[in-house]
Amino acid sequence: MGRGRRSAVVIGAGHNGLVCAFDLARAGFAVRVFERRGVIGGAAVTEEFHPGFRNSVASYTVGLLDPGVIADMRLHERGLRILERPISNFLPLDDGRFLEMGGGLERSRREVAKFSARDAERLPAYQASIEAVADRLRELALQTPPELGRPGLASGLRAWRQSHGLASLDLEGRRDLLDLFTKSARELLDGWFESDPIKAVLGFDSIVGHWASPDTPGSAYVLLHHAFGGVNGKKGVWGHAIGGMGAITQAMGDACRDAGVTIETGAAVAALIVDGDSPAKARVRGVRLADGRTVEADVVASNLSPRLLFERLVPPDALEPAFRERMGRYRCGSGTLRMNIALSALPRFAAKPSEQAGDHHASGIVLAPSLDYMDRAFVDARSLGWSREPVVEMLIPSVVDDTLAPPGAHVASLFCQQFAFDLPAGRTWSDAERDAAADAALAVIERHAPGFRASIVGRSILSPLDLERTFGLVGGDIMHGRMSLDQMWAARPILGHGDYRAPIRGLYLCGAGSHPGGGVTGMPGRNAAREVVRDAGTLLRRLCGRRDTKHAARLARRTRRSELPWRRPTRRVGAVR
């Protein structure tokens with residue numbers, strides 16, 4: 001793999017794997033990417049799910065993608081277009097009223113005032129408090145966590161630098177930070193607002209891809225995580241990628257190939273090749289593919305779920321028993337069921353009937369009128385396996401992207417929440433179970449948009465088990481692991497290995513199971529590549545050509561600057577759910 005150059009294998013051509021591969025190639029590595037499926041992109045793909053209808057089949061909306069990744073990979077120059085939602089969310093209510101959020105603060109305040117004048121007055125202060133904390137955490141998302149499990153001077157210095165950045169918050173900001181890290185979403189929102197609709201539309205983000213109730217302690221942080229982003233340089237804005245989410249990863253694939261990366265699809269990795277007669281001496285030497293080929297490499301970076309990597313690909317005797325036991329307790333499961341719907345006509349909502357596409361059709365349509373509704377859905381799912389009245393978010397990307405459906409027709413993405421991976425009473429995710437669960441979600445939509453069922457011409461359903469089998473999302477977890485405080489920052493996936501370095505030398509984690517977690521961000525891939533380059537040190541610079549050396553140095557400078565947040569301006573971050 002490149003005579004005179006260090007070699008790297010990246011397992012999985014999801015977006016983080018592609019970002020990692022690109023940065024490593026630009027820094028001088030000879031890089032090969034192996035992808036089990038027949039298409040690159042991982043869960044960020046666009047596929048035809050019904051004749052003539054295409055959609056983002058898994059991840060479905062843009063808002064967390066790091067603008068540094070967009071710029072360095074020149075994604076816009078490679079054809080990527082992201083259109084902003086005119087409003088963020090549309091919440092129809094059972095009594096015929098509705099709430100629209102986004103489109104500017106004043107528009108949102110007018111909407112909230114329909115339900116509570118007090119809440120409308122409180123909204124600017126709430127948004128300012130969230131944004132102040134999010135600004136600091138955006139900084140942390142671009143940095144390597146300190147290795148708190150292996151204390152030393154370097155780790156201590158890194159921890160001090162990162163804590164200094166958080167300390168730049170004023171006292172009230174630190175109190176807000178503590179609230180967001182420890183409280184449930186309900187506790188947080190009850191402290192700010194009195195009306196159910198505003199708490200529902202804001203609290204929805206606390207359960208997105210999170211197997212939890214808005215009453216679960218720590219769910220306020222998940223709400224915050226989804227506030228990190230923005231698109232086209234505008235904070236807090238969500239958008240649609242023209243051509244679907246696959247347009248992002250296809251552009252990334254082009255960037256990788258231009259940088260010299262070799263990408264193989266239909267090439268599953270069956271096992272890691274590890275040398276050493278004990279876990280303490282273990283070092284990765286390459287990978288063995290399912291077709292029997294072996295590929296040697298100096299470095300292997302895994303974009304897989306940590307559970308999938310350590311339980312299925314790493315030889316058991318290469319890991320310490322304590323690590324294997326801890327990894328067995330790593331929690332996965334986001335309670336998600338995904339549907340893609342082919343429609344003959346645009347949905348008409350009882351709360352806002354219109355035969356023509358409006359701003360609400362181009363937004364995130366949240367079908368969950370209150371935090372109580374969300375809590376009941378979770379309790380229902382815990383006892384029955386899936387909620388009989390689930391939480392549903394619907395997007396209709398064909399409103400702004402006519403490449404996805406035939407003329408006059410539409411596609412809808414349904415993100416349905418509160419569906420367990422393991423069903424009770426000996427049940428499994430059979431075709432009948434999957435169809436019954438999907439019908440429960442469609443009944444929720446039908447209640448708000450009469451006639452929706454009659455307009456369906458085709459549908460594709462992905463249960464939590466389907467998400468695992470199709471995309472390698474263990475437990476159906478779209479985040480590669482619960483976004484709970486015990487599995488975040490330096491403890492993601494496990495304390496002692498939060499710096500992207502696995503307990504086997506030469507093996508790195510570059511997926512969403514590492515900091516800063518889930519969402520289509522590209523940050524874990526970029527951060528991991530930076531640590532690989534750092535570990536390669538002067539040997540890499542000696543072996544690289546001049547152009548590659550410049551990129552390696554640029555990655556190193558970015559590392560130093562990102563660890564000194566008080567010396568650099570806040571970056572505008574561009575998000576994918």
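**Briefing: buried sites, strand pairing and nonpolar cores**

Ile207 has a relative accessibility of 0% and therefore counts as buried, in a model that is predicted. Ile207 is found in the loop between helix H8 and helix H9 (219-225). The points below start from Ile207, move to Ser387, and then take up the strands, helix H3 and the nonpolar cores.

**Two buried residues: Ile207 and Ser387**

- Leaving out residues up to four places away in sequence, Ile207 touches Ala212, Ser213 and Pro214, and also Met374, Val391, Gln417 and Gln418.
- The C-alpha atoms of Ile207 and Asp375 are separated by 9.8 Å, although these two residues lie 168 residues apart along the chain.
- Ser387, which lies in strand S18 (residues 386-395), has a relative accessibility of 1% and so counts as buried, the limit being under 20%.
- A polar atom of the Ser387 side chain lies 3.0 Å from the backbone oxygen of Glu389.
- Apart from its neighbours within four places in sequence, Ser387 is in contact with Ala377, Asp380, Ala381, Gln418 and Ala440, and Gln418 is also one of the residues that Ile207 touches.

**Strand S1 and its partners**

- Strand S1 (residues 7-11) is largely enclosed by the rest of the structure, because five of its five residues are buried.
- Ser7, Val9 and Ile11 point one way from S1 while Ala8 and Val10 point the other way, and all of them are buried. In a regular strand, side chains alternate between the two faces of the sheet.
- S1 pairs in the parallel sense with strand S2 (residues 30-34) over five bridges, and Val9 stands opposite Arg32 in S2.
- Between S1 and S2 the chain passes through helix H1 (residues 15-26), and the resulting β-α-β crossover is right-handed.
- S1 also pairs in the parallel sense with strand S15 (residues 299-302), over four bridges, and there the bridge partner of Ile11 is Ser302.

**The S3-S4 hairpin**

- Strand S3 (residues 46-50) and strand S4 (residues 53-56) pair in the antiparallel sense over four bridges, with Glu47 standing opposite Asn55 in S4.
- S3 and S4 form a hairpin that has two residues between the strands, and Gly52 in the turn has a positive phi of about 85°.

**The buried side of helix H3**

- In helix H3 (residues 105-113), the residues Ser108, Glu111 and Val112 are buried. They lie on the same side of H3, because they cover an arc of only 95° around the axis.
- The buried residues of H3 pack against strand S7 (98-101), helix H4 and helix H8 (196-203).

**Nonpolar cores**

- The largest nonpolar core has 82 residues, and those with the most contacts inside it are Tyr126, Leu224, Met339, Met394, Leu414 and Ile445. Helix H4 (residues 117-141) gives the most to this core, contributing eight residues.
- Leu224 touches Ile130, Val133, Ala134, Leu137 and Leu180, when residues up to four places away in sequence are not counted.
- A second core, separate from the largest, has 47 residues and includes Ala44, Val261, Val299 and Val520.
- In soluble globular proteins, nonpolar side chains tend to be buried together.

Conventions:
Residues numbered from 1 in each chain as written. Predicted model: local features only at pLDDT ≥ 70, side-chain atom pairs only at ≥ 80, totals over all residues. Heavy atoms only, no water. Buried < 20%, exposed > 50% of the residue type's maximum accessible area, 1.4 Å probe, protein only. Pairing = 2+ DSSP bridges. Right-handed = clockwise from strand over helix to strand, strands pointing away. Polar contact = N/O pair within 3.5 Å; in protein donor to acceptor, adjacent residues only side chain to side chain. Contact = heavy atoms within 4.5 Å. Core = buried A, V, L, I, M, F, W, Y, C linked by side-chain atoms within 4.5 Å. Arc of directions from axis to C-beta.
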